[in-house]
2 protein chains.
Amino acid sequence: MATMKQVAERAGVSTTTVSHVINNTRVVSEDVRKRVLAIIAETRYIPSAVARSLKNDRTHTIGMMVPNNSNPYFAELIQGIEDAAFKVGYNIILCNAYDDPKKQAAYLRVLMEKRIDGLILVASGSDDELASLLGDLHVPMVVVDRELPGVEADFIEADHETGGYLATRHLLDMGHRDIACVSGPINLPPSRDRVVGYLRALKEAGLKFRLDYLVRSDFTSAGGFAAFSQLLALKKPPTAIFASNDLMAIGGICAASQAGVAVPRQLSVVGYDDIALASYSTPPLTTVAQPKYRMGQLITQVLIDRIMVGDVPLRREMLQSELKQRQSTAPL
Amino acid sequence: MATMKQVAERAGVSTTTVSHVINNTRVVSEDVRKRVLAIIAETRYIPSAVARSLKNDRTHTIGMMVPNNSNPYFAELIQGIEDAAFKVGYNIILCNAYDDPKKQAAYLRVLMEKRIDGLILVASGSDDELASLLGDLHVPMVVVDRELPGVEADFIEADHETGGYLATRHLLDMGHRDIACVSGPINLPPSRDRVVGYLRALKEAGLKFRLDYLVRSDFTSAGGFAAFSQLLALKKPPTAIFASNDLMAIGGICAASQAGVAVPRQLSVVGYDDIALASYSTPPLTTVAQPKYRMGQLITQVLIDRIMVGDVPLRREMLQSELKQRQSTAPL
DNA sequence: CTGTTAGCGCTTTCAT
DNA sequence: ATGAAAGCGCTAACAG
């Protein structure tokens, strides 16, 4: 691989000049510029970002930590972020923590060594340990969907409480009274907030909350399958279920179908996230759509802003979601 | 951020020594080591991978180019790769090309500037341009699922022809005779091969191929929906459909359901890939399971091998897939 | 309009 | 058992 020095020599100029023609950073006479450019093309010279980074203290690289990207929701979010980052010349290093604190810590360490310019952290399981780890990690950082106490970072979330409310409200509007809820891991604030919204809608409608109508699960299809099975086996099964993410809703519909319960005729189901496949499940899933793309854009923009200008006050943004009515819900 | 020099000064030793205690690369007296380690902890010193990379000509970073990760298949594959890479101390820079040659080229450029140690390239749309781009990209590289003529790279693929055969054979075994096929983009070899397998099974069974039973689509749910709709509207609709990926199969089942066609009672459907959601579609999808995790591992291992030892002969591996029978297929 | 030079943070050869 | 110093490939202040 050619170096700048070699290019300079062959062009009969100094490396300074080569650097300046590459970066357009000061005037260079037309013929020198031409000559240099020719040599660059000829030698297939490609500047080294690592040397540049060492000099400039900027890597144009962003670390992104997600619990795991097997949930299409994350995949879609990542896509939005990567897209936006690319547009402003940043790359993403992807880190799947698998909810494993050890792995997460190891990753964080590597990211710091690689001198990432910023970090995006998406809600995951283990709170406390992480917070202390991040506490003295002085890197621009935006946290998504879960606030880390003691961690200085911009914070972006969707309004999960309202989302849960909207989902439940929709079921209520359809005349349902026996509405169950399948929650995600209860230690995750987004998960908890959706349940809070569910509870609020119930209360507002003057319905009493039944403990056996709230079952906790884990945001996976398998978990949804199990939770729905349990709910449908109740002596008085619900006529509608709010599953707090799409994966669980889809797994749940599968369970209902196997139990001989028709959706939406005998059971209405609403999901959460609006992953791409939600439109094509059987039946197409009514769900709360999170503004994934806008969220990805916002996350990236906030992070880049902080990287660029630095010491602005911490930002906090909450995005709204909306109900997408499809065919998994019907009047009682 | 502390530097090695600062650590050395505060510990009253040379940077050489600090370097050696960090890397365990020569004997250091116990008390000096202790002192250095203490200062490192105290100053929260983290070595700079960028300086290291400049010196060593190794970034421990792998670039991964995918057409887009909205297909869960890719997400799952990425996960396998990232997992395996992490274990051997490598990070992944994720690049979504969106089948856009311009974006792909831009990314490749950036990756080269960042001096990635290796590149993983997963099948995408635009062939020719890419091949020439990659031709003089002298970086260890493994290509997945699509051979690039003129590009020196290890090549790893799944046996799509056999997969397509298996899927069709299964339908045949269930007594179906009117078997249609929904293919992916025909310029993608994996897509083409699956169709070839379909054709072979048909021929072997002595069935004539009907042109209107082969419809080309695009590997998305929406595409599958449209293709199935078209097929079911035929005067003589098929009794079974081989959809060449799961996304299309799921979209197709959705279309069938809306057309009032029951799966599997009136229509058998087999998919391809075995994405996580396939087990939980309604009905659960019979599909050809690609060994995604094993594939991710193999890809990573082959790439790392090439990075480490360099000049070994080009490798070529083909992995087998297997049919996972679930409930979207039934005897005629 | 162009070049000299120091230095970014590290590794490693060569001395001692 | 330890250190001095060169150098990885680039940028930019300073000088001309």
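This report describes how the protein chains and the two DNA strands meet in a predicted model.

## Basis of the model

Residues are numbered from 1 along each chain as its sequence is written, while chains are lettered from A and ligands numbered from 1 in the order in which they are written. Local features need pLDDT of at least 70 and side-chain atom pairs count only at pLDDT 80 or more, whereas totals for chains, interfaces and linings use all residues, and side-chain values use heavy atoms, with hydrogens and water left out.

## DNA strand D

Around DNA strand D there are 25 residues that count as near (a heavy atom within 4 Å of the strand), and the closest include Met4(A), Tyr45(A) and Arg26(B). Of the strand D atoms that come within 4 Å of the protein, sugar and phosphate make up 51%.

Polar contacts (pairs of N or O atoms within 3.5 Å) reach both bases and backbone: a side-chain N or O atom of Thr16(A) is 2.8 Å from a base nitrogen of strand D, and a polar side-chain atom of Arg52(A) lies 2.8 Å from a phosphate oxygen of strand D. Among the elements giving two or more residues to this surface is helix H4 (49-56) of chain A, where a helix is a DSSP run of H or I with at least four residues; H4(A) gives the most, with four residues.

## DNA strand C

DNA strand C is surrounded by 26 residues, with Thr16(A), Arg26(A) and Tyr45(B) among the closest. A polar side-chain atom of Arg26(A) lies 2.7 Å from a base oxygen of strand C, and a side-chain N or O atom of Asn23(B) is 3.2 Å from a phosphate oxygen of strand C.

Terms used:
A polar contact is a pair of N or O atoms within 3.5 Å; within protein, one must be able to donate a hydrogen and the other to accept it, and residues adjacent in sequence count only if both atoms are side-chain atoms.
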